[in-house]
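This report is written for a reader at the bench who has the chain at hand and wishes to see how selected side chains are placed. It takes up charged pairs, then rings, then two acidic residues.

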Amino acid sequence: MLKYGIWDLPGLDYFLSKNTFKGSRDEFRFIAEGGENIKVYYWPEDICFELAEDITEKEFPMNEQSLYDINDYLSSEYKRVKDDMKESDRNG
């Protein structure tokens with residue numbers, strides 16, 4: 001497994017083989033699925049994908065650069081979700 005930033009995504013061959021990668025940090029969960037493109041789903045709940053209600057999806061081209069782009073995307077969404085949770089906690 002190569003390190004494409006903080007999310008430890010597997011290499012491009014993993015996704016070319018149509019595999020699915022799952023990961024999490026705190027209550028932020030995500031799935032990256034290989035296929036024609038790489039589909040990334042994330043949800044800010046400590047619950048499985050099948051039961052999650054607030055799932056966001058984004059698709060990336062099947063290439064090496066996308067692994068870095070996915071890392072950047074997940075990092076920015078993770079930060080946004082954490083900031084939103086902090087704000088919500090402050091507001092009661």
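## Charged pairs

Asp26 and Lys82 form a salt bridge in which the closest N and O atoms are 3.5 Å apart. Because Asp26 lies in the loop between strand 1 (20-25) and strand 2, while Lys82 lies in helix 2, this pair ties together parts that are 56 residues apart in sequence. Asp26 counts as partly exposed, at 48% relative accessibility, and Lys82 is likewise assigned to the partly exposed class, at 27% relative accessibility. The model is a predicted one, and the distances and accessibilities in this report should be read with that in mind.

The backbone around Asp26 also deserves a remark. In the hairpin of strand 1 and strand 2, which has 2 residues between the strands, Asp26 takes a positive phi near 55 degrees. The two strands of this hairpin pair in the antiparallel sense over 6 bridges, and within that pairing Lys22 stands opposite Ile31 in strand 2. As background to such a pairing, side chains in a regular strand alternate between the two faces of the sheet.

In total, the structure holds 5 salt bridges, and three of them are set out here.

| Acidic residue | Basic residue | Closest N and O atoms |
|---|---|---|
| Asp26 | Lys82 | 3.5 Å |
| Asp46 | Arg29 | 2.2 Å |
| Glu77 | Arg80 | 3.0 Å |

In the salt bridge of Asp46 with Arg29, the closest N and O atoms are 2.2 Å apart. Asp46 lies in the loop between strand 3 and strand 4, whereas Arg29 lies in strand 2, so the pair ties together parts that are 17 residues apart in sequence. The partners fall into separate accessibility classes: Asp46 counts as exposed, at 54% relative accessibility, while Arg29 counts as buried, at 16%.

The salt bridge of Arg80 with Glu77 is set within one element, for both residues lie in helix 2, 3 residues apart, about one turn of the helix. Arg80 is partly exposed, with a relative accessible area of 37%, whereas Glu77, at 14% relative accessibility, counts as buried. Salt bridges that share partners join Glu77, Arg80 and Asp84 into one network.

## Aromatic rings

A search of the whole structure finds 12 aromatic pairs. In one of them, the rings of Phe28 and Tyr78 have their centres 5.6 Å apart and their planes at 85 degrees, and because planes over 60 degrees apart count as edge-to-face, the pair is edge-to-face. Phe28 lies in strand 2 (residues 28-33) and Tyr78 in helix 2 (residues 64-91), so the ring pair ties together parts that are 50 residues apart in sequence. Both Phe28 and Tyr78 are buried.

Phe28 and Tyr78 also belong to a cluster linked by ring pairs, whose members include Trp7, Tyr14, Phe15 and Tyr42. One member of that cluster has a charged neighbour, in that Arg25 lies over the face of Trp7, at 4.8 Å from the ring centre.

## Two acidic residues compared by setting

Where is Glu77 placed, and which residues does Glu77 touch? Glu77 is in helix 2, and, when residues up to four places away in sequence are not counted, Glu77 touches Phe28 and Tyr42. With Tyr42 there is a polar contact of 2.4 Å between the side chains, and a further polar contact of 3.0 Å joins the side chains of Glu77 and Arg80.

Glu45 has its place in the loop between strand 3 (38-43) and strand 4 (56-60), and at 24% relative accessibility Glu45 counts as partly exposed. With residues up to four places away in sequence not counted, Glu45 touches Glu27, Arg29, Ala52, Glu53 and Asp54. For Asp54, the backbone nitrogen lies 3.5 Å from a polar atom of the Glu45 side chain. By way of a distance across the model, the C-alpha atoms of Glu45 and Lys18, 27 residues apart along the chain, are separated by 25 Å.

Key:
Residues are numbered from 1 along each chain as its sequence is written. This is a predicted model: local features need pLDDT of at least 70, side-chain atom pairs count only at pLDDT 80 or more; totals for chains, interfaces and linings use all residues. Side-chain values use heavy atoms; hydrogens and water are left out. Rings of Phe, Tyr and Trp (its six-membered ring) pair if their centres lie within 6.5 Å; planes under 30 degrees apart count as stacked, over 60 as edge-to-face and the rest as tilted. Helices (H or I, at least four residues) and strands (E, at least two) are DSSP runs, numbered from the N terminus. Buried means under 20% relative accessible area, exposed over 50%, partly exposed in between (1.4 Å probe, protein chains only). A charge sits over a ring if NZ of Lys or CZ of Arg is within 6 Å of the ring centre and within 35 degrees of the ring normal. Contact means heavy atoms within 4.5 Å. A polar contact is a pair of N or O atoms within 3.5 Å; within protein, one must be able to donate a hydrogen and the other to accept it, and residues adjacent in sequence count only if both atoms are side-chain atoms. A salt bridge is a side-chain nitrogen of Lys or Arg within 4 Å of a carboxyl oxygen of Asp or Glu. Two strands pair if DSSP finds at least two bridges between them.
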